[in-house]
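Student: Hi! Could you walk me through this structure? I'm new to this, so plain words please.
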Amino acid sequence: MSLRIGVDVGGTNTDAAVLDGSRVVASTKSPTTPDVTSGILVALTEVLHDVDAADVSSVFIGTTHFINAIAQARGLEPVAFVRLATPPQSMFPHSGWPEHLRAVVGEHIFVCAGGSQFDGRLLSELDEPGLRAIAAEIRAAGLRRVALSSVFSSVNPEPEDRAAAILAEELPDATITKSADVGRVGLLERENATILNAALLGLAENVVDGLEKVVAGVGIAAPVLLSQNDGTVMSLDRARAYPIFTIASGPTNSMRGAALLTGLQDGVVVDVGGTTSDIGLLQNGFPRESTVAMSLAGVRSNFRIPDVFSLALGGGTIVADGGAVVGPESVGYRITEEALVFGGSTVTFTDVAVAAGAPEVGEAARAAGIDAATTERALGVVRDRLVHAVERTKLSEDAVPVIVVGGGAPLLKAVPGLEDLVIPDQAGVANAVGAAFAEAGGEVDRTYSLATRTRAEVLAEAEEEACRLAVEAGADPELVRVIDVEDVPLTHLPGGGAVHVRIKAVGPFTATKSELEGALA
Amino acid sequence: MKLIDEQALLDMTLGSTILGSGGGGDPHVGMLLARDAIRKHGPVPLVDLEEVPDDANIVFIAGIGAPGVLIEKLPRAAEYERVLQELERFTGQKYDYVCPAEAGGLNAVTPFACAGPSGVPVIDADGMGRAFPKLEMVTPTLYGGKATPFVMLDEHGNTMFAETATNAWAEDYARAGVLASGANAAMALYPMTGAEAKQRLVRGALTTASDIGRAIREAREQHVNPVQAVLDQQDGVLLFTGKVQSVQRQNKDGWTIGEATMVGLDAFEGQEFVMYFQNENLAATRNGEFVATTPDLIMAMELDSGEPIPSEVIRYGYRVAVIGLPADAHWRTPAGVEISGPRRFGYDTDFRAVEEIAG
């Protein structure tokens, strides 16, 4: 019972890897299918040729399914949106949304008196009768998904909690997503993330059920967990409630895999795909997270997501103009037809890399005709662009290792001037390895008033809470550790009255609290 | 007179980030507020200072609070719709025009949220031509203009009317009041006549913001360098092109104080540059010599995209062009330098115009 299986469902390929400790004992790549699960079935069946299903202790799955659903506004449900603030409000989250998303989610917007101030004082007394009247309207409109937010719920969650209880009472058939459980400080962005999460719930239910079935179907009895954006995992029950936390798990899994395959905890990770390279910073074995609001399929959001920079350089990137132009155009997934080494007629980055001595892909002889000047120039462009991107990703001038993973990783071996790159064996399935190399985490992201407490007291309390949350999510209580601490005082507030704290704790995944309790009972 | 519609507002908002000189608050929220007003009440007239009668009554409209609060407790249209009425009630005086106090950052566009519903035009001018952190740091102060009577209005109808002895007192009272109400409020302040406005304000400040925003947008569309486009248009000086090597930052008395050190690229290879900030960028040295100081504007822009980089965001690895833009002539007078010059912020150097140092 010591094997862990990681599965990463990407846009093109579904990769699976089996780990024994930190050793990869089996791996495979197969095409992703529109229903997700049949691709997973193929991948699992493949790796189970090499290992016994009874030896599998857990299965970890990372999927881009939900981000695709958001991008295409597919499978989303309408959402009722309730904000606790001081009515009437004039700025609503939907205003910046792309039309097609707005049309699906709808504009069922309600504002009720409530919310908090930055120091936790009440902004407005919660208008309970008003909230019950809103619930009646939601019921009458037949809406089943409610996104609930409260001003400064990250400082004082109480009004949001109380309102959620009242709404649950009035709307027993609805699910209520609270903004404090989803996003960070920044009301509009947190609400956007909360609404997207609520809109995904029906789809999440189906996908998660499907995952459970496909794993059980191949004879694995072990628990199934999903990779989250921050490199930690969550139970399927939690995934049913918070699908939004899985949407950026792809690059995260690659970076976690890079850490495991190299044993390095800090560095820059370059994940070379077919069209782009994703570049991010590994800190303490986890991807550095974005601290600013970012656009998610055209919606400004803020929640835990890796800070990854996408460079238009992949195996299929088209080389033109005697090597002076490298991309951004790419042949993408058609590389196996269009690249020279595969018998096509387009010169790609793969072709020039192979011509310059990268490990053979396709038929190297077909790339032999590219003239040396073109190769040299194109690889020079690639080197400059990569060096620049790596620089941009680092946080200090200190030298850090640069780890390259992904299907296109070996191509970089041919680029002159990049000899220090760390390219692990199994780089091609780093994402699946990363999924399997899961840890459980807990995070606190909140603004604290310093009126009655010191900064040190506040930090100690937040650390304790982050560790407790990590253990509840399945982290080994003995090995849980804090990996990230950040505190920023709010400006323009004389006297330093409030501090914004972000703390993250992680530990090796053992089992979730409910599973532990189940085992004890 | 021009009409400010949604596109014009977007250009103005982007340009105001440059005029924010690294500070001024994220204008995104202000843009949303102003955009809603334009959608609801139609495009807002923007009038040249020359078109304003001498006996007209004018007042600054501004939001006051903390940027970290504003993104959570969003400003509401209701306060901007009422703030002028409240001042009229307090003073018994009608106001014919509103005007931004600062053209840098968030407050460049908040007057549009008041002007639309109030049916008054916005004047194409401001009291800074940039952003500064305190209420008394405006050009009218140089001419004896008074911040009060002012009105401050929060979302619960708490209303503060004040008459203060000095403009610095006005800052202290307003700051204490806004803290009590939860660090976000709307203000109408610095009432003045048209004649006074013509003497005291920075002319065309909003047009400048719009021009800068449009220059960046068009340069991006045409794939030419946005930094150069801004320099050409504003008679600016390229202070440095380089890579951010380290950033020191500390929070003191409610301010973010720090410095960013850069090493040179291109023509500046081998040289070193330090940009000093206290919320806004206030001074810059190249190879140890001051090359720009407040009140002139200092702004870091991302080298390729031209994206303005606020001092709160700048960090290691950014490749930037640092530009210097001349401050308005009001600030370059002895009285102006006294209020806004480098010594006021603790830098041991005299003010010298950025274009002179460069030349």
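Tutor: Happy to! Keep in mind that this is a predicted model. Let's begin with a pair of strands: strand 7 (residues 150–153) of chain B and strand 9 of chain B run antiparallel and are joined by three bridges.

Student: Which residue of strand 9 does M152(B) stand opposite?
Tutor: M152(B) faces M187(B) there.

Student: Does strand 9 have another partner, and which way does strand 3 of chain B pair with it?
Tutor: Strand 3 (residues 57–65) pairs with strand 9 of chain B in the antiparallel sense, over eight bridges. One of the residue pairs is G65(B) with N184(B).

Student: Is strand 9 mostly covered or mostly open?
Tutor: Mostly covered. Strand 9 of chain B spans residues 184–193, and eight of its 10 residues are buried.

Student: Anything odd about its backbone?
Tutor: Yes, look at Y190(B), which lies in strand 9 of chain B. Y190(B) is not a glycine, yet its phi is positive, about 55°. As background, most residues other than glycine have a negative phi.

Student: Is Y190(B) buried or exposed, and why?
Tutor: Y190(B) counts as buried because its relative accessibility is 2%, and the cut-off for buried is under 20%.

Student: Where else do I find a positive phi of about 65°?
Tutor: At A183(B), which is not a glycine either. A183(B) sits in the loop between helix 7 (167–180) and strand 9 of chain B. With 1% relative accessibility, A183(B) is therefore buried as well.

Student: New topic: holes! How many cavities of 30 Å³ or more are there?
Tutor: A search of the whole structure turns up three. The largest has a volume of about 100 Å³, and the second largest holds about 80 Å³ of space.

Student: What lines the second largest one?
Tutor: Its lining includes K73(B), R76(B), Y80(B), D154(B) and N184(B). Helix 4 (77–91) and strand 9 of chain B are the elements that give two or more residues to this lining. Strand 9 gives the most, with three residues.

Student: Our strand again! What kinds of residues are in that lining?
Tutor: The lining of the second largest cavity has six nonpolar, one polar and five charged residues.

Student: And how does the lining of the largest cavity divide?
Tutor: Into four nonpolar, one polar and six charged residues. Among them are F286(A), R288(A), E443(A) and K504(A). Strand 22 of chain A supplies the largest share, three residues.

Student: What about the nonpolar core? Which residues touch the most other members in the largest one?
Tutor: I61(B), V98(B) and F112(B) do, out of 70 residues in that core. There is also a second, separate core of 62 residues, which includes A43(A), V79(A), L203(A) and V208(A).

Student: What is V98(B) in contact with?
Tutor: Leaving aside neighbours within four places in sequence, V98(B) is in contact with residues including V59(B), I61(B), L84(B) and V122(B). In soluble globular proteins, nonpolar side chains tend to be buried together.

Student: Last one: where are the cis peptide bonds that involve P88(A) and P328(A)?
Tutor: One joins P87(A) and P88(A), with omega about -5°. P88(A) lies in the loop between strand 5 (80–85) and helix 3 (99–105) of chain A. The other runs from G327(A) to P328(A), with omega near 5°, and P328(A) is in strand 18 (residues 325–330) of chain A. For context, most peptide bonds are trans.

Conventions:
Residues are numbered from 1 along each chain as its sequence is written. Chains are lettered from A and ligands numbered from 1 in the order in which they are written. Side-chain values use heavy atoms; hydrogens and water are left out. Buried means under 20% relative accessible area, exposed over 50%, partly exposed in between (1.4 Å probe, protein chains only). Helices (H or I, at least four residues) and strands (E, at least two) are DSSP runs, numbered from the N terminus. Two strands pair if DSSP finds at least two bridges between them. A nonpolar core is a set of buried Ala, Val, Leu, Ile, Met, Phe, Trp, Tyr and Cys residues joined through side-chain atoms within 4.5 Å. Contact means heavy atoms within 4.5 Å. On a 1 Å grid over the protein atoms alone, a cavity is a set of points where a 1.4 Å probe fits but cannot get out, and a pocket is an open set with protein on both sides within 12 Å along at least five of seven lines; lining residues have an atom within 4 Å of a point. Grid points are joined across faces, edges and corners, and a volume is the space filled by probe spheres set on the points. Ala, Val, Leu, Ile, Met, Phe, Trp, Tyr, Cys and Pro count as nonpolar, Asp, Glu, Lys and Arg as charged, and the others, Gly among them, as polar.
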